[in-house]
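Work through the exercises below with the structure open beside you. Try each task before you read its solution.

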Amino acid sequence: MKIRGEISLPGDKSISHRAALFSAIRPAESVFENFSGNEDCRSTLSCLRQLGIEHKIVGSTLYLYGKKLSQWQQPGRPLYAGNSGTTTRLLAGLLVHLPFTSTITGDASLSQRPMGRIIDPLTAMGGRITATEGHLPMTFHPTGSLRGIRYPLPVASAQIKSAVLLAGLFADGFTEVIETKISRDHTERMLGLSVREEEGQRIVSVPGGYEVPDISMTIPGDISSAAFFIAAALTLPDSDLTLKNVSLNPTRTAYLEILKKMGASLEIEETQARPEPMGNIRVKSSDLQNVEIPAEMIPNLIDEIPILAVIGTRAVGHFAISHARELRVKESDRIKVMVENLRRTGLHVDEFDDGFAFCGPHHPGNAAISTHGDHRIAMAFTIANMICGGNLEIDDPSCAAVSFPAFYTTLEKITR
Ligand code: S3P
């Protein structure tokens, strides 16, 4: 089995969410080509529709008709964010300002994920939010005007950063978010916010009353989706795959940097620098060696760790992930789920509080894989299954649709 051909990918999930949410507060039509049609981004659109923000989708182009925040409508029922942490946490930064009560709910996985991380800063700004022990459902109550804050991020998280910055758009005074480890920068980039460096810290600031510019654009292909096909092409012999117009945002490319260090044959050609960098990636089968993964790269690699670990099983040497405790609060506990599934394939894996480690190369034996409803686990083990020639049985492959409904059909197109 080999991977050959040329593909384009649906729009990046993080950028698609932001495209919809940011243009929802700009009273005009915005147009986004290559908008992601995945379940998570549909959750964002359906929450916005309940708040009175209409859209239409033609092919993969989104037309969104924004309104001033003061003209948003009270939803008749709770807003349902499905599986989507980005919908929930970014939308929260806007819901705190509304002059009516609104509630966000989600599926079983999202209902277990921590919301205290956004409730704390939004409350410090003057927001009134109730939740049960920091979990959904989360209710936003009307309050007076919010005030800007200076907020050092307690964990490297673009979702927390974005929630605070969005709230800052409508707060009194300046809001500043301070990062020591850099998380993905789509929010500041797309909104054109000011960013400065001070003593090794990165500070993003927004003045209250800042007007969102027209951010209409073509959304680059999702690098986190591309990651699965890149993995297949690297590890299956005689493969040669080109991925067109993929996001090359430098806060998202740590996966490519690590792969290059591992010995991957990757040719990268940037085709656009702004508003979001993108380009073409050509991947060929390669002999790989595991390398050390530096702590500061973890935030920019966080969603790719499951598939990087699958590649690690095919590479020679010690594979170790550490400083990645955040993996425990993703769509599943990705440390526990990766360790459990890799062990089922016969691999000896050590589990730590903030990561896991093993030695490659390893050829997986027959095993039943539990996705725990996590899209990235389903896709990572689908690639693992191709590599080992079909020894794995995956319990819920359909959950891939959370980020990539066309994953299996795209894979079929390039598999020879
Ligand atoms: C995202 C940020 C990351 C990432 C998630 C999408 C975003 O989460 O894991 O898939 O679009 O801002 P955290 O901000 O919680 O690290």
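**Exercise 1. A glutamate and its contacts**

Which residues does Glu326 touch, not counting residues up to four places away in sequence?

Solution. Keep in mind that this is a predicted model.

Step 1. Find the place of Glu326: the loop between β17 (317-321) and α11 (334-344).

Step 2. List the contacts. Leaving out residues up to four places away in sequence, Glu326 touches Arg117, Val155 and Ile302.

Step 3. Judge the burial. Buried means under 20% relative accessible area. Glu326 has 18% relative accessibility, so it counts as buried.

**Exercise 2. The largest pocket**

Find the residues closest to the centre of the largest pocket, then describe its lining.

Solution.

Step 1. Start with the volume. The largest pocket has about 640 Å³.

Step 2. Go to the centre. The lining has 40 residues, and Ala156, Ser157, Ile302, Glu326 and Lys330 are the closest to the centre. Glu326 and Ile302, which touch each other, are both in this group.

Step 3. Look for the elements involved. α1 (13-23), α3 and α6 each give two or more residues to the lining.

Step 4. Sort the lining by class. It has 11 nonpolar, 11 polar and 18 charged residues.

Step 5. Ask which domains take part. Domain 1 (8-206) and domain 2 (223-414) each supply at least three lining residues.

**Exercise 3. Two domains**

How many residues of domain 1 are in contact with residues of domain 2?

Solution.

Step 1. Set the bounds. The domain assignment gives domain 1 as 8-206 and domain 2 as 223-414.

Step 2. Place the centres. The C-alpha centres of the two domains lie 27 Å apart.

Step 3. Count the contacts. On the domain 1 side there are 27 residues, in contact with 30 residues of domain 2.

Step 4. Take the area. The domains bury about 2300 Å² between them, and 51% of it is on carbon and sulfur atoms.

Step 5. Name the main contributors from domain 1. Leu9, Arg184 and Arg189 supply 27% of the area that domain 1 buries against domain 2, more than any other three residues.

**Exercise 4. Helix α5**

Identify the buried residues of α5 and the elements they pack against.

Solution.

Step 1. Locate the helix. α5 covers residues 116-124.

Step 2. Pick out the buried residues: Arg117, Ile118, Ile119, Pro121 and Leu122. Arg117 also appeared in Exercise 1, as a contact of Glu326.

Step 3. Trace the packing. The buried residues of α5 pack against two helices named here, α3 (85-95) and α6 (158-169). They also pack against the strands β7 (128-132), β8 (135-141) and β9 (150-152).

Step 4. Check what comes after the helix. Gly126 follows α5, and its phi is positive, near 110 degrees.

**Exercise 5. Thr88 and Ser285**

Is each of these residues buried or partly exposed?

Solution.

Step 1. Place Thr88 in helix α3. Its relative accessibility is 0%, so Thr88 counts as buried.

Step 2. List its contacts. Beyond four places in sequence, Thr88 touches Ala81, Ile104, Leu110, Met115, Leu136 and Met138.

Step 3. Follow one of these contacts. Thr88 and Leu136 are 48 residues apart in sequence, yet 9.3 Å apart in space, C-alpha to C-alpha.

Step 4. Place Ser285 in the loop between β16 (278-284) and α10. At 28% relative accessibility, Ser285 counts as partly exposed.

Step 5. List its contacts. Leaving aside neighbours within four places in sequence, Ser285 is in contact with Ala233, Leu234, Leu236, Pro237, Asp238 and Ser239.

**Exercise 6. A cavity and a second pocket**

Which residues line the largest cavity?

Solution.

Step 1. Count the cavities of 30 Å³ or more: there is 1. The space in the largest cavity is about 50 Å³.

Step 2. Name the lining: Val310, Thr313, Leu342, Thr345, His362, Pro364, Phe381, Ala384 and Leu392. α10 (305-314) and α12 (375-387) each give two or more of the lining residues.

Step 3. Sort by class. This lining has 6 nonpolar, 3 polar and no charged residues.

Step 4. Turn to the second largest pocket, with about 240 Å³ of space. Its lining has 7 nonpolar, 1 polar and 3 charged residues. Among them are Ile25, Phe170 and Tyr210.

Note on methods: Residues are numbered from 1 along each chain as its sequence is written. This is a predicted model: local features need pLDDT of at least 70, side-chain atom pairs count only at pLDDT 80 or more; totals for chains, interfaces and linings use all residues. Side-chain values use heavy atoms; hydrogens and water are left out. On a 1 Å grid over the protein atoms alone, a cavity is a set of points where a 1.4 Å probe fits but cannot get out, and a pocket is an open set with protein on both sides within 12 Å along at least five of seven lines; lining residues have an atom within 4 Å of a point. Grid points are joined across faces, edges and corners, and a volume is the space filled by probe spheres set on the points. Helices (H or I, at least four residues) and strands (E, at least two) are DSSP runs, numbered from the N terminus. Ala, Val, Leu, Ile, Met, Phe, Trp, Tyr, Cys and Pro count as nonpolar, Asp, Glu, Lys and Arg as charged, and the others, Gly among them, as polar. Buried means under 20% relative accessible area, exposed over 50%, partly exposed in between (1.4 Å probe, protein chains only). Contact means heavy atoms within 4.5 Å. Domain bounds come from an automatic or database domain assignment. Buried area is the accessible area (1.4 Å probe) that two parts lose on being put together, summed over both.
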